[in-house]
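I opened my notebook and worked through this one in a few short sittings. Here is what I looked up, in the order that made sense to me.

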Amino acid sequence: MNATDLAEARERSTPPPEADSAAGQSLAGLLRPHLRSFAAVVILQVIGAVAGLAPLLAVVELGRALLGPGPIDHGHVWFVVVAGAVGLFVRLLFTAASSGIGHLLDGRVQLSFRRQLAARLGRVPIGWFSRRRTGELAKVVGEDVSAVHPFIAHTPGELVAAFVVPLVSLIYLFAIDWRLTLITLIPVVLAVALVPLMMTPTRLREQEEFDAAMGRIASSVVEFVQGISVVKAFGGAGRAHRRFRTAADDFVGIFYRWVRGVSGIAAGMQLVLSPPFVLLVVLIGGAALITAGALAPADLLPFLLLGLGLTAPVAALGHGFDELQAARRAVGRIREVLGVQPLPEPAHPVAPQGHRVELRDVRFGYEAGHEVLRGIDLVLEPGTVTAIVGPSGSGKSTLVQLLPRFFDPTHGSVVLGGVDLRELGSRELHRTVSFVFQDVRLLRASVADNIALAVPHADPDDVVRAARLANIHDRILELPRGYGTVIGEEAGLSGGEAQRLSIARALLADAPVLVLDEATAFADPQTEQAVRRALATLQGDRTILVIAHRLETVADADTVVMLDNGSIVERGAPAELLARNGKFAAFWRSHRSAIADETETRGGVLQGGEPR
């Protein structure tokens with residue numbers, strides 16, 4: 001496959017824009033599939049709200065009928081009473097139906113959002129997760145999805161009802177006396193004049209800063225809890241607490257600024273919309289019209305009862321605006337995650353021929369303009385072990401993460417069996433490349449399911465065989481239910497035990513290419529020897545790439561690749577590199593010296609193999 005064919009295949013493998021349309025949709029766009037249920041919630045709420053006026057209008061009409069001049073029409077009185085009772089029943093029925101449908105709709109919408117997030121997170125490059133804080137991502141999937149609840153289940157129907165009910169009331173009041181109706185609207189006009197002050201760029205920026213501060217607190221709490229044992233062991237509790245306190249102090253400062261900015265406006269709105277203020281305005285205006293002979297005393301009653309409801313739109317606008325803005329910001333963060341470009345899948349996957357691995361002029365950087373790997377050319381032959389060594393920050397972990405395609409190189413290619421990894425389907429890639437890293441992640445599932453993660457229908461005997469080879473079988477039998485024990489619920493494993501279990505997982509997968517980030521880093525010496533013997537026995541025709549931190553791993557390797565500052569500075573057999581007396585030799589001597597010092601301090605005997 002030449003360069004032109006490869007470029008065309010990559011272009012075909014890129015998903016079309018419409019495949020990611022969900023990421024670019026607004027809140028309304030994401031809700032479009034649920035439009036009918038959404039409309040039903042609003043319509044039922046409006047009918048129920050309008051019907052809820054019937055009891056108030058019944059009281060008004062009863063007052064006018066009983067207080068007005070002339071004889072009382074008993075038939076009319078009973079009609080008004082029955083109409084009020086029916087209206088109350090209709091209100092209860094329709095608002096209950098609206099609330100029920102709204103909450104069912106909310107459940108479906110949240111389920112849809114979480115499924116979309118799960119689907120997108122399952123397709124993004126695995127390395128993307130290492131660049132994100134756990135707390136922030138958990139907030140998007142958890143809190144931000146839940147933040148849509150008020151907008152779906154409550155706000156739309158309540159907002160519409162809050163405008164429809166006053167509109168019907170206004171029509172009724174205008175029919176009685178237009179002058180007192182205008183007077184009754186004075187509090188509404190004053191409150192509406194204050195609303196734009198709540199929507200200034202400064203207020204919106206303060207709200208965004210508030211949300212960001214909340215996210216930082218969530219992240220600091222997650223990081224502190226996850227690392228508490230290490231922090232306390234090394235006496236860093238003070239520093240860890242300071243990080244949390246700093247995040248909390250930042251939040252308090254932002255919260256105070258936000259409160260100072262909106263408190264005066266909010267207090268003014270609450271004052272002009274409060275029942276005492278509205279009643280005072282109505283009574284003053286009504287008294288003036290009655291004393292002037294322009295209004296019958298009985299006609300003041302509907303304004304006293306219905307006038308309070310005229311302020312509902314502004315009050316609802318304030319609460320609804322806050323909920324709408326919260327939902328908008330939450331959906332913005334959801335869309336940001338949905339907008340992460342998935343790992344491109346080839347339109348026509350190509351099967352590799354063998355498992356020879358080549359890195360051809362590979363360059364990679366997490367950020368534009370800053371390369372972590374620079375021009376890596378490397379060949380990994382089947383049946384060999386290649387050890388990657390180098391100082392911290394030299395790019396070792398980044399290099400090995402390219403083989404399971406956690407990232408794609410920004411330049412060059414990683415070729416497996418003569419095929420660029422970008423032309424392999426993900427299923428084929430996962431069947432071919434297996435990996436064991438220091439940072440082990442176990443599922444909240446049974447021990448057997450954790451080992452058989454890559455081979456879900458594996459024979460139980462094969463699971464046990466892999467566990468024996470990884471020297472974890474005896475420990476599993478000590479658990480409450482053996483291989484059926486649920487990790488994280490019925491029992492926990494130490495770091496070394498979890499690493500051995502992950503090695504068993506990789507051995508059971510039986511992939512021809514194995515990537516190891518010092519798979520025995522947390523193991524005791526006896527376990528390490530057992531695992532090394534297992535790996536040596538199973539090596540066969542496998543292609544193995546390992547990040548080496550221990551001298552034993554380097555000594556066992558066929559080829560050692562020395563990285564420094566993202567480039568290969570030396571490569572060859574361990575003994576050959578020692579004979580050159582270059583950077584690798586210095587690296588080897590410094591590590592032997594460190595181990596000797598540690599052994600002497602402990603009163604032990606230095607046991608280290610020489611390179612073969």
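**Entry 1: a charged pair to start with**

I noted first that this is a predicted model. I began with Glu 478, which counts as exposed at 60% relative accessibility, over the 50% cut-off. Its salt-bridge partner is Arg 475, with N to O at 3.7 Å. I looked up Arg 475 as well and found 23% relative accessibility, so I wrote it down as partly exposed.

**Entry 2: the other salt bridges**

How many salt bridges are there by this rule? I got a count of 14. Some share partners: Arg 356, Glu 358, Arg 360 and Glu 381 are joined into one network. Within that network I checked the pair Arg 356 and Glu 358, whose closest N and O atoms are 3.1 Å apart. Glu 358 is buried at 16% relative accessibility, whereas Arg 356 is partly exposed at 33%.

Next I looked at Arg 422 and Asp 420, which meet in a salt bridge at 3.2 Å, N to O. Are these two buried or exposed? Arg 422 comes out buried with a relative accessible area of 12%, and Asp 420 is buried too, at 7%. As a reminder to myself, side chains of opposite charge can pair when their charged atoms come close.

**Entry 3: the whole chain**

I then stepped back to the totals. The protein chain has 612 residues, and 43% of them are buried. I counted 28 helices and 10 strands. For the contacts with a separation of 6 or more, I found that 76% are between residues 24 or more positions apart. The exposed surface is about 31000 Å², and carbon and sulfur atoms supply 61% of that.

**Entry 4: nonpolar cores**

Which residues touch the most other members of the largest nonpolar core? They are Val 389, Val 447, Ile 451, Val 560 and Phe 584, in a core of 38 residues. Helix α24 gives the most to this core, with 6 residues. A second, separate core has 29 residues, among them Val 400, Leu 416, Val 561 and Leu 563. The general background I jotted beside this is that nonpolar side chains tend to be buried together in soluble globular proteins.

I picked Val 447 for a closer look. Setting aside its neighbours within four places in sequence, Val 447 is in contact with Ile 476, Leu 479, Gly 482, Tyr 483, Thr 485, Ile 487 and Leu 501.

**Entry 5: helix α24**

Since α24 had come up, I checked its geometry. The helix runs over residues 495-509. At 1.5 Å a residue, its 15 residues should span 21 Å, and the end C-alpha atoms are indeed 21 Å apart, so the two agree. I also looked at its surroundings: 13 of the 15 residues are buried, so α24 is largely enclosed by the rest of the structure. Just after the helix, Asp 510 takes a positive phi of about 55°.

**Entry 6: Ala 288**

My last stop was Ala 288, in helix α16, which covers residues 275-291. Is Ala 288 buried or partly exposed? Its relative accessible area is 45%, so I put it down as partly exposed. I also looked along the chain to Leu 180, 108 residues away in sequence, and found the C-alpha atoms of Leu 180 and Ala 288 separated by 9.7 Å.

Terms used:
Residues numbered from 1 in each chain as written. Predicted model: local features only at pLDDT ≥ 70, side-chain atom pairs only at ≥ 80, totals over all residues. Heavy atoms only, no water. Core = buried A, V, L, I, M, F, W, Y, C linked by side-chain atoms within 4.5 Å. Buried < 20%, exposed > 50% of the residue type's maximum accessible area, 1.4 Å probe, protein only. Helix = DSSP H or I, 4+ residues; strand = E, 2+ residues; numbered from the N terminus. Contact = heavy atoms within 4.5 Å. Areas by Shrake-Rupley, 256 points an atom, 1.4 Å probe, with all protein chains shown as cover. Salt bridge = Lys/Arg side-chain N within 4 Å of Asp/Glu carboxyl O. Expected span 1.5 Å × (residues − 1).
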